[in-house]
Amino acid sequence: MPDGLDGEIQLDYLLLTSIGLLVLDVKHVNGRLYGGYNMDSWTVTDRGQRFTFANPAGPLRERVIAIRTLLKDVPVDGR
């Protein structure tokens with residue numbers, strides 16, 4: 001769908017709730033996840049293995065903003 005800036009975004013899920021729309025990003029990982037909203041990267045550990053990936057909060061925020069731009073009168077949140 002359009003991102004509001006002449007580009008496109010992809011959504012995992014866009015849910016209609018009783019108070020508005022919810023953009024839901026789903027990440028499938030096995031093991032223990034260590035991360036937080038203000039951290040640059042998150043870490044997953046599983047069976048002695050460890051890997052990191054970029055904090056997904058930034059891209060989620062961009063998706064929420066794009067939906068808000070398209071639907072100005074609808075409350076939009078993200079998780």
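**Exercise 1. Residue A66**

Leaving aside its neighbours within four places in sequence, A66 is in contact with P2, D3 and I9. Your task: work out in which element A66 is found and whether A66 is buried or exposed.

*Solution.* Before starting, please keep in mind that this is a predicted model.
- Step 1: Look for A66 in the secondary structure; A66 belongs to helix α1.
- Step 2: Take the relative accessible area of A66, which is 1%.
- Step 3: Buried means under 20% relative accessible area, so A66 is buried.
- Step 4: Now compare sequence and space. A66 and M1 are 65 residues apart in sequence, yet their C-alpha atoms are 9.1 Å apart.

**Exercise 2. The chain as a whole**

List the elements from the N terminus on, and then find out why the chain is described as more spread out than a compact globule.

*Solution.*
- Step 1: Count the elements: the chain has one helix and six strands.
- Step 2: Put them in order, starting at the N terminus: β-β-β-β-β-α-β.
- Step 3: The globule rule gives 12 Å for 79 residues, while the radius of gyration of the chain is 15 Å, well over that value, so the chain is more spread out than a compact globule.
- Step 4: For the dimensions, picture a box along the principal axes: the C-alpha atoms fill roughly 45 × 30 × 20 Å.
- Step 5: Add the burial: 28% of the 79 residues count as buried.
- Step 6: Finish with the surface. The chain exposes about 6200 Å², and carbon and sulfur atoms supply 52% of this area.

**Exercise 3. Residue N55 in its loop**

Which backbone oxygen does the side chain of N55 reach, and which residues are in contact with N55 beyond its sequence neighbours?

*Solution.*
- Step 1: Locate N55 in the loop between β5 (49-54) and α1 (57-70).
- Step 2: Check the accessibility: N55 has 10%, so N55 counts as buried.
- Step 3: Follow the side chain of N55 to the backbone oxygen of G36, at 3.0 Å.
- Step 4: Skip the neighbours within four places in sequence; N55 then contacts G36, Y37, N38, M39, D40, S41 and W42.

**Exercise 4. D25 and its partner**

The side chain of D25 has a polar contact with another side chain; which residue is the partner?

*Solution.*
- Step 1: Find D25 in the loop between β2 (20-24) and β3 (32-34).
- Step 2: With a relative accessible area of 14%, D25 is buried.
- Step 3: Collect the contacts of D25 outside four places in sequence: D12, L60, R63 and R79.
- Step 4: Pick out the partner. The side chains of D25 and R63 are joined by a polar contact of 3.0 Å.

**Exercise 5. Two further loop residues**

Decide whether R47 is buried or exposed, and find how far apart the C-alpha atoms of P75 and L22 are.

*Solution.*
- Step 1: R47 sits in the loop between β4 (41-46) and β5.
- Step 2: Its relative accessible area is 80%; R47 is therefore exposed.
- Step 3: Look at the backbone too: phi of R47 is near 50 degrees, a positive value in a residue other than glycine.
- Step 4: Turn to P75, in the loop between α1 and β6 (76-78). At 49% relative accessibility, P75 counts as partly exposed.
- Step 5: Although P75 and L22 are 53 residues apart along the chain, 8.6 Å separates their C-alpha atoms.
- Step 6: Leaving aside neighbours within four places in sequence, P75 is in contact with I19, G20 and L21.

Conventions:
Residues numbered from 1 in each chain as written. Predicted model: local features only at pLDDT ≥ 70, side-chain atom pairs only at ≥ 80, totals over all residues. Heavy atoms only, no water. Helix = DSSP H or I, 4+ residues; strand = E, 2+ residues; numbered from the N terminus. Rg over C-alpha atoms; globule rule 2.2 N^0.38 Å. Buried < 20%, exposed > 50% of the residue type's maximum accessible area, 1.4 Å probe, protein only. Areas by Shrake-Rupley, 256 points an atom, 1.4 Å probe, with all protein chains shown as cover. Polar contact = N/O pair within 3.5 Å; in protein donor to acceptor, adjacent residues only side chain to side chain. Contact = heavy atoms within 4.5 Å.
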